Amino acid sequence: MQNSKFDSPKQNRKWLGGMLALLSLSVGGAFAINNVLNPAQTSASTGTSTTKTAQTVTSDAIQYRYGVIQLEITSTAGMIDKITEVQSSTSRGWEQAVPLLHDAALKASGTNFGNVSGATFTTQAYKQALTSAISKLT
């Protein structure tokens, strides 16, 4: 019994064209708005080299409950390339925390890494020393 207009296959497909048109306009509009709000950055070439040079700085010596942490970092273009522990004293048995912190800091290229379990004070001092060094970069 086909007395309903929705039973016809031709009529069921009329909405498809409208939906595709609406989808195209929505996506196109989103790209247009994005281009207006976030225009592409252009830079004029002045003929000079834009190569970033490495910069090495030393942190303040951070005194903490179990010793002193002082770091020297080398950074290029905002990324930490090298970390040297100038001073890294800890309590007995926790010396292995420093290499773990070293690797985590390099991987994060900053202080956005977790604590070493059982070495919370050392982790906090390491992060403070790293923050001190990063603040000295120009």
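Two strands count as paired if DSSP finds at least two bridges between them. Strands themselves (E, at least two residues) and helices (H or I, at least four residues) are DSSP runs, numbered from the N terminus. What you see above is a predicted model, in which local features need pLDDT of at least 70, side-chain atom pairs count only at pLDDT 80 or more, and totals for chains, interfaces and linings use all residues. Residues are numbered from 1 along each chain as its sequence is written, and side-chain values use heavy atoms, with hydrogens and water left out.

Let's start with strand 3. A hairpin with two residues leads from strand 2 into strand 3. In the hairpin of strand 3 and strand 4, two residues again lie between the strands, and Ala 77 has a positive phi near 55° there. Here are the pairings of strand 3:

| Partner of strand 3 | Sense | Bridges | One bridge pair |
|---|---|---|---|
| Strand 1 | antiparallel | four | Thr 56 and Thr 74 |
| Strand 2 | antiparallel | three | Gln 63 and Val 68 |
| Strand 4 | antiparallel | eight | Ser 75 and Ile 80 |

Why is strand 3 largely enclosed by the rest of the structure? Eight of its 10 residues (67–76) are buried, meaning under 20% relative accessible area, while exposed means over 50% and partly exposed lies in between (1.4 Å probe, protein chains only).

Now for the side chains. The whole structure holds one salt bridge, that is, a side-chain nitrogen of Lys or Arg within 4 Å of a carboxyl oxygen of Asp or Glu. Asp 60 and Lys 136 form it, at 2.9 Å from N to O. These two sit 76 residues apart: Asp 60 in the loop between strand 1 and strand 2, Lys 136 in the segment after helix 4. Asp 60 is partly exposed at 41%, and Lys 136 is partly exposed at 34%.
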